[in-house]
Amino acid sequence: SGERYYSKDFMEKEWEFMWTKVWQIAGWASEIPNPDDFFVYKIRREEILVVRQKDNSIKAFYNVCPHRGNKLFYEDFGFVKDIGCRFHGWKFNLDGTNQSVSDSETFRDEVLCYDLDLSSVKVEEECGFVWVTMHEKPMPVREYLGEVAEHLDLYDVGNMNVIRHVHSEWAANWKTGLEAFY
């Protein structure tokens, strides 16, 4: 029925049963060519921080401090040496591990007894793209893509560069926009 294009209930079901479970293209791998480069991928109510590591691998985290849920990055992309929370000044290494807790002696013990590291998101680099998923146990992205991966390989996206970013908001359901360009 047409409800799948305008129903808020259907939108919530897509979020719960689809968007949080599938691999998504977060960006081009060429957007973070060097260690310490980052970008933030936004999908509905979540923001995911994607960071190139010193060993050239990629890690991804929810863009929030584990202490109070304060947003960590307000910029969409750039270069950083560490990650800091503006609320209490907690610091994190680029691999997501906690580097320091400012004024730790002022916090109750129960505040500091949980995992103080950033919450990671599954990430893979494949076919020239950076893919993320919020699913806890996803299949490898290449397996998920199936034969589509072979088609993407032909474009050699890994050797392309983004020239400019364009953001547009439509007063329409995502499926309407997608189907308009089929």
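In this predicted model, three strands come together as an open sheet, lined up in the order β6-β7-β8 with antiparallel pairing. The edges belong to β6 (83-84) and β8 (98-100); each has a single partner strand, so one side of each goes without a neighbour in the sheet. As for how such strands hold on to one another in general, the pairing goes through backbone hydrogen bonds, in either a parallel or an antiparallel arrangement. Here, β6 is joined to strand β7 (residues 91-92) by two bridges, and the two run antiparallel. Looking across at β7, G84 has K91 standing opposite.

Next come the aromatic rings. The count of aromatic pairs comes to four. One of them is made by W19 and W174, which meet edge-to-face, with 5.1 Å from centre to centre and 75 degrees between the planes. W19 sits in helix α1 (residues 8-19) while W174 belongs to helix α4, so this pair ties together parts that lie 155 residues apart in sequence. Both partners are partly exposed: W19 has a relative accessible area of 22%, and W174 comes in at 37%.

F129 and W131 also form an edge-to-face pair, this time with 6.1 Å centre to centre and 80 degrees between the planes. These two rings are tucked away from the surface in the sense that both count as buried, F129 at 9% relative accessibility and W131 with a relative accessible area of 5%. Buried here means under 20% relative accessible area, a cut-off that W19, with its 22%, does not meet, so W19 is called partly exposed. F129 and W131 are also part of a cluster, in which ring pairs link them with W28.

Back at helix α4, which spans residues 174-180, T176 has its place. T176 counts as partly exposed, at 38% relative accessibility. Along the chain, T176 and Y6 are 170 residues apart, yet their C-alpha atoms are separated by 9.8 Å. There is also a contact between a charge and a ring to point out: K175 lies over the face of Y5, at 5.8 Å from the ring centre.

Taken together, helix α4 keeps coming up: W174 in this helix pairs with W19 of helix α1, and T176 has its place there too. The sheet adds another piece of the picture, with β6 and β8 at its edges and β7 between them in the strand order.

Definitions and conventions:
Residues numbered from 1 in each chain as written. Predicted model: local features only at pLDDT ≥ 70, side-chain atom pairs only at ≥ 80, totals over all residues. Heavy atoms only, no water. Helix = DSSP H or I, 4+ residues; strand = E, 2+ residues; numbered from the N terminus. Buried < 20%, exposed > 50% of the residue type's maximum accessible area, 1.4 Å probe, protein only. Pairing = 2+ DSSP bridges. Phe/Tyr/Trp six-rings, centres within 6.5 Å; stacked < 30°, edge-to-face > 60°. Lys NZ or Arg CZ within 6 Å of the ring centre and 35° of its normal.
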